[in-house]
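Colleague: I've got a model open on my screen and I'd like some help reading it. Could you walk me through it, starting with what people mean by a contact?

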Amino acid sequence: MTEATKLTKKDFTSDQEVRWCPGCGDYAILATVQSLLPDLGVTPENTVFISGIGCSSRFPYYMNTYGFHSIHGRAPAIASGLSITRPDLDVWVITGDGDGLSIGGNHLIHALRRNVNLKILLFNNEIYGLTKGQYSPTSRVGMVAKSTPMGSIDHPLNPISLALGAEAGFVARTIDIDRKHLTEVLHAAHEHHGAAFIEIYQNCIVFNDDAFTLVTDRETKVFNQIRLAHGEPITFGPDGQKAVVRREDGSLEIADTAGAGDHIVRHDAHAEDPTLAFALSRLSHNPDRPTPFGIFRQVERPTYEDQLHQQIDHAQQQRGSVDLRRLLESGNVWEVGAS
Ligand SMILES: Cc1ncc(C[n+]2csc(CCOP(=O)(O)OP(=O)(O)O)c2C)c(N)n1
Ligand code: SF4
């Protein structure tokens, strides 16, 4: 593409009025995605955003691409159908912690295990925003919300552990307000051929404000963000004085870097075995203590659509092209008539 034809953020921005609450974290994510797409060299007509239901799921309206604000929790299923039939398109899924992990949990894990070529962005605000503040599957124990007046007794899901458990090839975590990190992670997700799962901490300023303060606040974030970089020893803190170390039983813990020596873990996002990535995801269930950010796992394996198209090609080579009507009317066919 020449400089003259290079697309800009404006080319990916629709004319729709954005209807999120002032200060919602969704704005920052939208602006980052709109700015990133021109740099990916993609075009609006070959890009599709498919969402479910929720505040976050309003996202496709604001993108000047194809899009589908679909059915609650079903975006991965609809997006799978599209990605399989049109592998030439870039298909992104936008979902929330309610949409993707409550009603849509089932669809999410199967899209991941099948390795459908989707980029799935889960906006995690630990609350149902659209329906005005009920607790969600990522809300913390004890959370007092509209539907948990005495505090939640539900054990929350850890989205990263869940995605790794479904053996997703690309699993990452980032934050709405860290534009640079968000851009880097989404860029890498786009490069990945296969299912990519990205958890984005997103502040709901109205119903769950400050859920992520510990990892976003200027004063505290340096002590609580563990930045993962492939091949690098995992240390953090103002001068790297804290480190992730391996215990005897293989689990991980945080210790002082001084004296940790060989026990300091070196990040390996490309390891076939997801055990290290999983152990990292267990360091923090919600960001109420030092929490890893970045790419936990980045391993390619055959995608669902690649294998399916191979099977179709193989069948066509073996049997030639088939007349669908003849196929449907072959074998055991009954005519249903009046008795
Ligand atoms: C079948 C069905 N059940 C329930 C609802 C109500 N509902 C709409 S959005 C939503 C949850 C949204 O939460 P989340 O996915 O976290 O998105 P957010 O609004 O926080 O971005 C629920 C329960 C619905 N629209 N349809
Ligand atoms: S309710 Fe929360 S998530 Fe929804 S638009 Fe408002 S601030 Fe954003």
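Modeller: Sure. Contact means heavy atoms within 4.5 Å. One thing before we go on: this is a predicted model.

Colleague: Okay, let's try it out. Setting aside neighbours within four places in sequence, which residues is I109 in contact with?

Modeller: With those neighbours left aside, I109 is in contact with L162 and A166. You'll find I109 in helix α4, which covers residues 105-114.

Colleague: Is I109 buried, exposed or partly exposed?

Modeller: The cut-offs are under 20% relative accessible area for buried and over 50% for exposed, with partly exposed in between. I109 has 28%, so it is partly exposed. If you want a sense of distance, I109 and V48 are 61 residues apart along the chain, and their C-alpha atoms are separated by 21 Å.

Colleague: How about T138, buried or exposed?

Modeller: T138 has 0% relative accessibility, so it counts as buried. Look for T138 in the loop between β4 and α5.

Colleague: And what does T138 touch, not counting residues up to four places away in sequence?

Modeller: On that count, T138 touches D97, L101, N124, E126, P156, L157, P159 and N286. With one of these, N124, there is also a polar contact: the two side chains are joined at 2.8 Å. For a distance across the model, take T138 and P60, which are 78 residues apart in sequence and 24 Å apart in space, C-alpha to C-alpha.

Colleague: Let's do another of those. How far apart are the C-alpha atoms of D262 and Q310?

Modeller: Those C-alpha atoms are separated by 46 Å, with the two positions 48 residues apart along the chain. D262 is in the loop between β10 (252-256) and α9 (275-281). At 80% relative accessibility, D262 counts as exposed.

Colleague: Now the ligands. How many residues surround ligand 1, and which are the closest?

Modeller: There are 16 residues around ligand 1, and the closest are C55, S56, D99, G129 and L130. By class, that shell divides into six nonpolar, eight polar and two charged residues.

Colleague: Which helix gives the most to the shell around ligand 1?

Modeller: That's helix α3, residues 97-103, which gives four residues.

Colleague: Which polar atoms should I look at around the oxygen atoms of ligand 1?

Modeller: Try these, working through backbone and side chain. A backbone N or O atom of C55 lies 2.8 Å from an oxygen atom of ligand 1. For G129, a polar backbone atom is 2.9 Å from an oxygen atom of the ligand. From D97, a polar side-chain atom lies 3.2 Å from an oxygen atom of ligand 1. As for cover, ligand 1 taken alone exposes 590 Å², and the protein buries 72% of that.

Colleague: S56 was on your list of closest residues. Where does S56 lie?

Modeller: S56 is in the loop between β1 (47-51) and β2 (66-69). Its relative accessibility is 8%, so S56 counts as buried. Not counting residues up to four places away in sequence, S56 touches W20, D26, I94, T95, G96 and F123.

Colleague: On to ligand 2. Which residues surround ligand 2?

Modeller: The residues around ligand 2 are W20, C21, C24, C55, N125, G129, Q202, C204, I205, V206 and F207. By class, that shell has eight nonpolar, three polar and no charged residues.

Colleague: I see cysteines there. How many disulfides does the count come to?

Modeller: A disulfide is a covalent bond between the sulfur atoms of two cysteines. The test here is a pair of cysteine sulfur atoms within 2.5 Å. By this rule the count is zero. Two of the cysteines around ligand 2 do count as buried: C24 has 12% relative accessibility, and C204 has 9%.

Colleague: Last topic, backbone angles. What is the phi of K132?

Modeller: K132 has a positive phi of about 75°, although it is not a glycine. K132 sits in the loop between β4 (119-124) and α5 (159-165). With 53% relative accessible area, K132 is exposed.

Colleague: And where does E167 lie?

Modeller: E167 is in the loop between α5 and β5 (170-175). The phi of E167 is near 60°, a positive value in a residue other than glycine. E167 is partly exposed, at 47% relative accessible area.

Methods: Residues are numbered from 1 along each chain as its sequence is written. Chains are lettered from A and ligands numbered from 1 in the order in which they are written. This is a predicted model: local features need pLDDT of at least 70, side-chain atom pairs count only at pLDDT 80 or more; totals for chains, interfaces and linings use all residues. Side-chain values use heavy atoms; hydrogens and water are left out. A residue is near a molecule or strand if one of its heavy atoms lies within 4 Å of it. Ala, Val, Leu, Ile, Met, Phe, Trp, Tyr, Cys and Pro count as nonpolar, Asp, Glu, Lys and Arg as charged, and the others, Gly among them, as polar. A polar contact is a pair of N or O atoms within 3.5 Å; within protein, one must be able to donate a hydrogen and the other to accept it, and residues adjacent in sequence count only if both atoms are side-chain atoms. Accessible areas come from the Shrake-Rupley method with a 1.4 Å probe; for residues, only the protein chains shown count as cover. Helices (H or I, at least four residues) and strands (E, at least two) are DSSP runs, numbered from the N terminus. Buried means under 20% relative accessible area, exposed over 50%, partly exposed in between (1.4 Å probe, protein chains only).
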